Amino acid sequence: MPNGCLIVLSASTCSSKNNHIREIVAEKRKQTRSNLHACIQRAVDVGEIPSSLDVSMLTTVFDTFMHGISTQARDGVPFATIDRAITKVMGIWELFKRST
């Protein structure tokens, strides 16, 4: 079973006769979202980030960003550029931590 970028990018390259593959990778993406949600919820539960945080919203932010990285990497965006973007996005987490 593919991991990482292949989970994201394979969805756009499947032909209609391979919908079963599309469904498999969709389920893997769903599991990744679920894992992200659980991680963020755990941070709320232990008081690392505020309980007023919209966990579903932040899950979507990080999940969408991770999918975008796959496309950027495929298109040849330099690692250093992607790394700086990751640092900026993770700054969101730090902002939430400071507001507790």
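Here is a quick briefing on how this chain is put together, from its overall layout down to a few single residues. The model is a predicted one. The chain has 4 helices and 0 strands, and it runs α-α-α-α along the sequence. Much of what follows is about the pairing of H3 with H4 and a nonpolar core to which H2, H3 and H4 each give two or more residues.

**The chain as a whole**

- Of the 100 residues in the chain, 23% are buried.
- The chain exposes about 6600 Å², with carbon and sulfur atoms supplying 59% of that area.
- If you take contacts between residues at least 6 apart in sequence, 53% of them link residues at least 24 apart.

**How H3 and H4 pair up**

- Two packed helices are described by the angle between their axes and the distance between those axes.
- For H3 (residues 55-74) and H4 (residues 79-98), the axes come within 11 Å and cross at roughly 175°.
- Angles over 145 degrees count as roughly antiparallel, so H3 and H4 are roughly antiparallel to each other.
- On the H3 side, the contact is made by Met57, Leu58, Val61, Phe62, Phe65, Ile69, Gln72 and Ala73.
- Facing them from H4 are Ile82, Ala85, Ile86, Val89, Met90, Ile92, Trp93 and Phe96.
- Sort the residues of this contact by type and you get 15 nonpolar, 1 polar and no charged.
- Val89 is worth a look here: leaving aside neighbours within four places in sequence, Val89 is in contact with Phe62 and Phe65.
- Met90 is found in helix H4, and its C-alpha sits 8.8 Å from that of Phe62, although the two are 28 residues apart in sequence.
- With a relative accessible area of 40%, Met90 is partly exposed.

**The largest nonpolar core**

- The largest nonpolar core is made of 11 residues: Leu36, Ile40, Ala43, Val44, Ile49, Leu53, Val55, Leu58, Phe62, Val89 and Trp93.
- Helix H2 (19-45), H3 and H4 are the elements that give two or more residues to this core.
- H2 provides the largest share, at 4 residues.
- Some core members also turn up in the contact of H3 with H4, including Leu58, Phe62, Val89 and Trp93.

**Two threonines in H3**

- Thr59 is found in helix H3 and is buried, with a relative accessible area of 6%.
- Setting aside residues up to four places away in sequence, Thr59 touches Arg33, Leu36, His37 and Ile40.
- Leu36 and Ile40, two of those partners, are also members of the largest nonpolar core.
- Thr60 lies in helix H3 as well, but Thr60 counts as partly exposed, at 46% relative accessibility.
- Between the C-alpha atoms of Thr60 and Leu36 there are 8.9 Å, with 24 residues separating the pair along the chain.

**The loop between H2 and H3**

- Glu48 lies in the loop between H2 and H3.
- At 32% relative accessibility, Glu48 counts as partly exposed.
- The C-alpha atoms of Glu48 and Trp93 are separated by 9.6 Å, and the two residues are 45 apart along the chain.
- Trp93 itself belongs to the largest nonpolar core and, as part of H4, is one of the residues that meet H3.

Technical notes: Residues numbered from 1 in each chain as written. Predicted model: local features only at pLDDT ≥ 70, side-chain atom pairs only at ≥ 80, totals over all residues. Heavy atoms only, no water. Axes fitted to C-alpha atoms, helices over the stretch in contact; angles between N-to-C directions. Parallel < 35°, antiparallel > 145°, perpendicular 65-115°, else oblique. Contact = heavy atoms within 4.5 Å. Nonpolar A, V, L, I, M, F, W, Y, C, P; charged D, E, K, R; others polar. Core = buried A, V, L, I, M, F, W, Y, C linked by side-chain atoms within 4.5 Å. Buried < 20%, exposed > 50% of the residue type's maximum accessible area, 1.4 Å probe, protein only. Areas by Shrake-Rupley, 256 points an atom, 1.4 Å probe, with all protein chains shown as cover.
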